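The report below looks at selected side-chain environments, beginning with the surroundings of one residue and moving on to charged pairs and the surface.

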Amino acid sequence: MTRPVYFFSVLHHFFRTFLLLTGCLFFIFQTSAQQIIHGNKPKPLGAIIVTPTIILPTCNFYNGAIILKASGGTPPYIYNYEAAPFANGYFPGLRDGRYYFYVSDATGATVTTFVTIPPNPNLLTVAVVSSTDPTGCGKTDGTVTLAVTGGTPPYQYSSDNINFQSSNILTNLPATPGNITTFTYPLYVVDANGCTASTAAPALAENCSINVNGVDYTSSFGCNMLGRITVTDVNGGVNAYTYSIDGINFQQSSTFDNLQPGFYKLYIKNSSGVIDIKGFSILSDCPQKIIATATNNICGQNSGSITVTSALGIAPYTYSIDGINFQTSNVFNNLAGGYYNVAVRDIAGNINFAVVLVTSNCPVVTATETDAACNQNTGTITATGSNGTAPYQYSIDGINFQSSNVFNNLSAGNYTVTIKDAGNFTTTYPITINNNCLQLAFADINTICSSNNGSITATASGGIAPYTYSIDGINFQTNNVFNNLTAGNYSITVKDANNVTAASPTIINDAAAPKINVAVTQASCSNINGAINITATGGTSPLQFSINNGASFQSNNIFNNLDSAQYIALIKDANGCTVSDTVQLTAPPTPVVFIGNDTTLCTNATLLLSAPQVAGYQYLWQDNSTANSFKVATAGTYIVKVTNQFNCSATASVNVNFMPVPNFNLGVDTSLCNGKTILLQPTVVLLQASYLWNTGATSFSIHTNNPGTYWLQVSNGGCAKRDSIIISSKPNPLINFGSDTTLCEGQTLLLDATNNNATYTWQDGSTGPTFNVNSAGTYSVDVAANGCDTVGKINVVYTTKPIINLGNDTSICITQSLLLNASYPQSTYVWQDGSTQPQFNVTQAGTYSADVTNACGDTKDSINVVFENCACRFYVPSAFSPNSDGKNDVFTPKYQCAFSNYELKIFNRWGQLVFNSNNVANGWDGNFNNQQQPTGSYVWELNYKDNLTGKQMHKNGTLVLVR
């Protein structure tokens, strides 16, 4: 009987707390979204402060939690996560990650906060180390050994996720069904925290092999006889065997008769479907014997033939003469002469080969010769005939034939030997008789530049090698090259192995160097106007010319604009032959005059200009004075002309200008307040001038805050002036407020800036020497005395004693931990165990307290934590929105445990079952009978078995469907 489910509503707000009574299901409601407040809103108590507490997940699943506790603002608070409002701040079923929350108070004020759950660094993983197959067919003694990393020992292992053991070696495992070689089912491990991991089990092979111990196979021991195969002994696997020789059709009988010669596969299958394959060959004792006869080819025709017969083998036969194309006829006609590979193939596919020659009766002739002696008719030709029809006749002119195959008394030359057989068929053979005379050939290299760099290379032919060579007809050598020869006529003699000699003349010519002739034009008065003209006689064009002993060349033979010096004139022709001559150019010297560069003088300065004083020189200045020096006192251009005893003259000039000296000062000596800066600069600034201070600065002005003596040098056009100034110091008023400070509520601070003969200006405009601080802020004063002032400043912060909240007493799973946070600015911490960190990680049950102290006092808080045995938990969402936006579209419980016997049911408000599933991966999408269900509350019921404890678990609750 299905129990009715009743829902109650107040202001259309659904409530999630229910009470299951005998026979009926009742719900006690509370607002889940927001309160409706009439009248005036309560006054806010201050800003909302959200303190998070993190329960770390023990596995890489959804068993962590975040507990938010709000303070400040105006209670009560609403906690929002993923658009769903919650009246309390407990959010279970979370794994590692970053989560955003919105917390609102009764006034509607909202704050946003995020909390990060760190990932578990010690995740549980499992892998297969080794495995063994079952030892026999149908046996279940296979094993798998697992290795675990991460998690918290001790570990429990299972091959069915139901029965767990402490050993990592899983035993009593059957073979993979059907001997499938892929992974078939998972293997599981659970650690001390209830975390689970799995891995794929390897395929275990069933050892059901078939052993074939005896097979008879009878070959065909005669021509045209057939063979037999019989299995005589087989065991292994599961009894009841069937047999096949094609792998398709199986029979009970183990014998196969009437088998043609060839290779066969024998298939033996047992009742479990295991197949073993054995291979056998049926041989034939009827070998082939090829008999083939050939009919010769008539010369010039394809008239040959081959006839093939075979005495043995298994008929019928096919025949081929190329090993590729077979025919049923055993006769091959219209064959040219040559060798043929005859193949015969019988019905069993056996192929034998034989080589058959079809002879062509065309005559063939070859010939050999002996060379004729030098210029004599002593050569011979000997011919040899074959293949034709004897007798043969021979000819060397194609007209006159003779029965003898030898031709004597022949001169050197080319011949064609012709043979003719009894059938008047002819063929020819070309041959050459050589003239065996001793001869010489030369390769000469002529001399260059009349040197002994010529050579002769002699090459002998004819006669009888080896050869020796001579350049004087007396002394012979084996080397045929004669080097280091001058130009002239030569006669080379060669001698062969029979002391036969031959001589021949040759000439080495000479490419002579050119002859040089040089004409000179001298320079005048040290001017660079001399010239050299080089002319050549002989040589090999093109010619090149040089006057620097070959350092550089030009094709022009005339060199102009030359100074007095010694030159080495040189000609080089196309063969690199050179000839040179030395030439001297001379000229009377011209005076060298220099009286200085153009210059600028400062006002009232003078300059003495001096020309070189040399005996015999004469001087003439611009004012016709004749001394070798001239004193300059005014601006202008000054010129002097100097003439030597060779009447060669030169002039020099210089321009003289005058520049005024800069006129400035730095002002009177002065005093400076400590820490203040003064600008120093001249009374007159010249834009084109350069500046140098005693500090090294080069700008026209400087800033300084140090007493001392300072000078400035101003330079303009080479004229400079220096002035100095003395800077003394005077003290500033003294202020000492100390460092920025923090006061507790109700405290005051007196700021005192008193100085003699001073005036005061505070941040609020007041002018007294002191100021009393009673609120937070930044306070400053400007104190002026004796023309100097000082600014003092201090920042004052007010604070209270620490505010902490460790949360309400709570309970967590024994596999979890709880992070307590007592952080407060500028505070120290003492926990119940004496530790002094702002946070404390709870790992066991007990009462935990924190004493937080700062300059204004201390605050204490405590919390009692109880641990529960919750090795396997499901975390069920309180709402979902199946609107296809990719967020919370499916209602699915989250879990972290090893379980079985899973069932999830969901009922509507009328008690109708709208969803049922035995697969935790399948969640409710908000539809029933393909119809969308309306917005509202629904009841869920969850049943499962905790595999770790073996307990059957039952849970139920409500959920809200939002559209």
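## Surroundings of N168

Leaving aside residues up to four places away in sequence, N168 touches V144, T145, L146 and Y157. In this predicted model, one of these neighbours also takes part in a polar contact, in that the side chain of N168 reaches the backbone oxygen of L146 at 2.8 Å, a separation that falls within the 3.5 Å allowed for a pair of N or O atoms.

N168 itself lies in the loop between β12 (156-158) and β13 (169-173). With a relative accessible area of 27%, N168 is classed as partly exposed, because that class covers values between the limit of 20% for buried residues and the limit of 50% for exposed ones. The C-alpha atom of N168 is 8.7 Å from that of V148, a residue 20 positions apart from N168 along the chain.

## Salt bridges

How many salt bridges does the structure hold? There are 2, and each can be described by its N to O distance and by the accessibility of its two partners.

In one of them, the side chains of D789 and K676 meet with an N to O distance of 2.9 Å. This pair links distant parts of the chain, 113 residues apart, since D789 belongs to strand β67 (residues 788-799) while K676 sits in the loop between β56 (670-673) and β57 (678-680). Both partners are partly exposed: D789 has a relative accessible area of 26%, and K676 has a relative accessibility of 34%.

K905 and E903 form another salt bridge through their side chains, with 3.9 Å from N to O; this distance meets the criterion because the cut-off is set at 4 Å. K905 is partly exposed at 23% relative accessibility, and E903, with a relative accessible area of 22%, is likewise partly exposed. Both values count as partly exposed and not as buried, because buried means under 20% relative accessible area.

## A nonpolar surface patch

Which residues make the nonpolar surface patch? Y339, V355 and L357 make it, and its area is about 350 Å². Of these contributors, Y339 is found in strand β26, which spans residues 338-345.

Is Y339 buried or exposed? Its relative accessible area of 63% places Y339 among exposed residues, because the exposed class begins over 50%. The same value also allows Y339 to count towards a patch, because patch residues need over 30% relative accessible area and no salt bridge.

Technical notes
Residues are numbered from 1 along each chain as its sequence is written. This is a predicted model: local features need pLDDT of at least 70, side-chain atom pairs count only at pLDDT 80 or more; totals for chains, interfaces and linings use all residues. Side-chain values use heavy atoms; hydrogens and water are left out. Patches are made of residues with over 30% relative accessible area and no salt bridge: like charges are joined within 9 Å, nonpolar side chains (Val, Leu, Ile, Met, Phe, Trp, Tyr) within 5 Å. Accessible areas come from the Shrake-Rupley method with a 1.4 Å probe; for residues, only the protein chains shown count as cover. Helices (H or I, at least four residues) and strands (E, at least two) are DSSP runs, numbered from the N terminus. Buried means under 20% relative accessible area, exposed over 50%, partly exposed in between (1.4 Å probe, protein chains only). Contact means heavy atoms within 4.5 Å. A polar contact is a pair of N or O atoms within 3.5 Å; within protein, one must be able to donate a hydrogen and the other to accept it, and residues adjacent in sequence count only if both atoms are side-chain atoms.
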